[in-house]
Amino acid sequence: MARYKDVDSGTKLLAVDLSRQLLPGTFEHALNHLVEHELDLSHFDAHYHNDARGSKAYPPAMLLKVVLFAYSQGIASSRAMERACRDHVTFIALSGDCVPHFTTLAAFVSERGEDIQKVFAAVLGICLNQGLIGREMFAIDGVKLPSNASKARSGTRADFQKQLAKLEAAAATMLQRHREQDGKPVEPDLQAREQQRLQKLQREAGKFRDWLAANPEDRKGPSGSVRKSNRTDNESAKMATSKGVIQGYTGVVAVDAKHQVIVEAQAHGTGSEQELLLPVVDAMKDLLTDTSLLTVDAGYHSEQNLQGLESRGIDALVADNDMRRRDERFATQSRHQQDADPLHDKSPGQDQPALFTPADFAHDPTQRTCICPAGNSLQRSGTHRDKRGFVGDRFRGSDKLCGACPLRARCLKNPAKAAGRLVTFFRGKAPDAPESATARMKRKIDSPEGRRRYGRRFAAVEPVFGNVRHNKRLNRFTLRGRRKVNTQWTLYGLVHNIEKLMNYGKIGGGR
């Protein structure tokens with residue numbers, strides 16, 4: 001019978017050379033070499049005032065290595081980082097056998113955002129010096145991620161005032177019932193439960209009052225429209241995604257196409273991507289050259305953004321929502337699309353027929369007449385010109401015809417209030433209308449050269465999100481407040497860029 005030596009994987013006391021636990025060619029080895037020999041972290045020293053008195057602080061270099069390696073392993077919890085510094089040999093090697101408290105690690109991420117931005121810029125400079133950034137094409141895109149906030153606590157100030165009134169009314173009713181029951185025999189357990197419910201209502205009402213006092217105004221968008229606030233994290237926002245509505249932030253990145261290096265990373269508490277394009281472009285302007293090209297997807301398309309890019313003299317290809325419909329290469333794309341998840345399918349059901357569109361009306365441009373789906377003739381109300389310069393014939397249904405029409409529910413968005421249907425048939429642009437930036441961009445991106453160059457965008461930016469979301473397991477932001485979330489998003493960008501240095505640059509045993 002064969003005999004084998006015993007293999008004991010239990011607890012042992014070993015003499016370990018910690019420096020040899022960081023094997024060349026690994027991320028931890030590259031990280032350690034970069035922090036210890038390539039980066040200047042002296043700007044962290046300004047936050048410490050223990051020169052003459054007070055206990056010694058943990059070195060920022062050690063904390064940075066622990067946090068970045070934890071993020072590379074999909075560990076975002078500061079408590080889990082503390083445990084790893086106690087139990088995991090690689091963390092022990094990076095920390096020098098120190099075990100920083102989880103509050104120290106959490107404070108480092110939350111309070112050192114400006115210094116971490118400087119580290120990001122320094123690593124980006126190393127990537128540039130080593131030729132990892134081609135500066136030929138940059139792709140800009142974003143991802144919407146949930147935040148550490150409750151979606152149920154969103155609303156406007158008016159919504160919160162209504163909820164406060166309900167809580168106060170419920171507490172008043174309960175107090176009145178207690179007064180009526182004074183002197184009457186009541187079961188002790190029932191009385192205790194009632195008292196707990198009353199205290200809970202009063203606490204919740206107090207939280208609403210404190211929040212309303214601290215936030216005297218609603219959140220406003222760029223156009224002045226009211227945005228929903230959130231009592232957990234008022235800088236986060238409700239966002240529509242393919243998986244439903246989330247409460248979170250949009251993480252935006254600008255990626256160089258040569259080696260997918262992230263050159264700019266920002267997190268914003270808004271689901272409107274259009275307002276995020278120009279801030280990212282302005283932040284990366286020092287990297288742009290006269291021959292650089294920006295490729296941006298349709299979520300960032302707007303006339304204002306295109307005009308902003310033109311005024312800055314930036315060569316860009318920005319897709320619009322109809323770009324793929326005009327491209328014959330996407331004619332069969334529907335066969336490759338995944339079926340909608342029934343749990344998140346928001347499309348109208350069979351019992352909710354779609355409203356009539358202008359295509360459902362019989363329009364004679366020569367005679368300038370219009371017949372509605374019910375067979376009624378609409379009255380022409382002149383020529384209409386929209387803000388883009390398009391002109392067309394406008395027709396209106398009279399109150400008498402539309403009021404008694406059996407198809408009213410399918411013709412008007414608000415049948416209870418609207419008088420009659422208004423429909424416009426555009427003939428094209430007016431001769432004196434100036435060409436819009438959108439028209440110029442459509443012509444540019446629809447050209448064979450534009451399609452070829454824009455086709456490179458997907459391969460440049462999507463691998464970044466695959467690495468950060470799947471490999472690093474970033475499925476939500478764990479902090480609150482835009483400043484802290486922006487720091488966390490920057491740290492993940494740092495991890496990604498250090499991996500690029502390890503794989504394509506000359507650092508820490510890389511190629």
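**Exercise 1. The second largest cavity**

Task: In this predicted model, find the volume of the second largest cavity, the residues that line the second largest cavity, and the element that gives the most to its lining.

Solution:
- Step 1. The volume of the second largest cavity is about 40 Å³.
- Step 2. Its lining consists of Val 253, Ile 262, Ala 265, Val 464, Val 468, Trp 489, Tyr 492 and Gly 493.
- Step 3. Two or more lining residues come from each of β8 (262-268), α16 and α17 (482-504).
- Step 4. With 3 residues, α17 gives the most.
- Step 5. Sorted by class, this lining has 7 nonpolar residues, 1 polar residue and no charged ones.

**Exercise 2. The largest cavity**

Task: State how many cavities of 30 Å³ or more the structure holds, then describe the largest cavity by volume and by the class of its lining residues.

Solution:
- Step 1. There are 2 cavities of 30 Å³ or more.
- Step 2. The largest cavity has a volume of about 140 Å³.
- Step 3. It is lined by 15 residues, and those closest to its centre are Cys 372, Cys 402, Cys 405, Cys 411 and Arg 421.
- Step 4. The elements that contribute two or more residues to this lining are α12 (399-403) and α13 (408-411).
- Step 5. The class count for the largest cavity is 12 nonpolar, 1 polar and 2 charged residues.

**Exercise 3. The largest pocket and strand β1**

Task: Work out which element gives the most to the lining of the largest pocket, and then place strand β1 among its partner strands.

Solution:
- Step 1. The largest pocket has a volume of about 970 Å³.
- Step 2. Its lining has 31 residues, with Asp 141, Asp 297, Arg 324, Arg 457 and Glu 462 closest to the centre.
- Step 3. Elements that give two or more residues to the lining are β1 (137-146), α11 (323-326), α15 (448-454) and α16 (457-471).
- Step 4. β1 gives the most, with 5 residues.
- Step 5. By class, the lining of the largest pocket holds 11 nonpolar, 7 polar and 13 charged residues.
- Step 6. β1 itself is mostly covered, since 8 of its 10 residues are buried.
- Step 7. β1 runs parallel to β9 (residues 293-296), joined by 4 bridges. In this pairing Met 137 stands opposite Leu 293.
- Step 8. β1 also pairs with β7, in the antiparallel sense and over 9 bridges. Here Ala 139 has Val 255 as its bridge partner.

**Exercise 4. The hairpin**

Task: How many residues lie between β6 and β7 in their hairpin, and in which sense do the two strands run, parallel or antiparallel?

Solution:
- Step 1. Strand β6 (residues 237-241) and strand β7 (residues 244-256) are antiparallel and are joined by 5 bridges.
- Step 2. Lys 238 stands opposite Gln 247 in β7.
- Step 3. The hairpin of β6 and β7 has 2 residues between the strands.

**Exercise 5. Helix α14 and the second largest pocket**

Task: Give the share of α14 in the lining of the second largest pocket, then explain why the buried residues of α14 lie on the same side.

Solution:
- Step 1. The second largest pocket has a volume of about 410 Å³.
- Step 2. Of its 14 lining residues, Glu 303, Arg 388, Phe 390, Ser 436 and Thr 438 are the closest to the centre.
- Step 3. Helix α14 (residues 437-445) provides the largest share of this lining, 3 residues.
- Step 4. The lining of the second largest pocket divides into 3 nonpolar, 4 polar and 7 charged residues.
- Step 5. In α14 the buried residues are Ala 437, Thr 438, Met 441 and Ile 445. They lie on the same side of α14 because they cover an arc of only 95° around the axis.
- Step 6. Among the elements that cover these buried residues are α10 (303-311), β10 (315-318), α11 and α15.

**Exercise 6. Positive phi in two arginines**

Task: For Arg 135 and Arg 473, give the value of phi, the loop and the class of exposure.

Solution:
- Step 1. Arg 135 is not a glycine, yet its phi is positive, near 60°.
- Step 2. Arg 135 belongs to the loop between α6 (113-129) and β1.
- Step 3. Partly exposed lies between the limits of 20% and 50%, so Arg 135, at 25% relative accessibility, counts as partly exposed.
- Step 4. Arg 473, also not a glycine, has a positive phi of about 55°, and is in the loop between α16 and α17.
- Step 5. The relative accessibility of Arg 473 is 49%, so Arg 473 counts as partly exposed.

Key. Residues numbered from 1 in each chain as written. Predicted model: local features only at pLDDT ≥ 70, side-chain atom pairs only at ≥ 80, totals over all residues. Heavy atoms only, no water. 1 Å grid on protein atoms, 1.4 Å probe; cavity = no way out; pocket = protein on both sides within 12 Å on 5 of 7 lines; lining within 4 Å. Points joined across faces, edges and corners; volume = space filled by probe spheres on them. Nonpolar A, V, L, I, M, F, W, Y, C, P; charged D, E, K, R; others polar. Pairing = 2+ DSSP bridges. Buried < 20%, exposed > 50% of the residue type's maximum accessible area, 1.4 Å probe, protein only. Arc of directions from axis to C-beta. Contact = heavy atoms within 4.5 Å.
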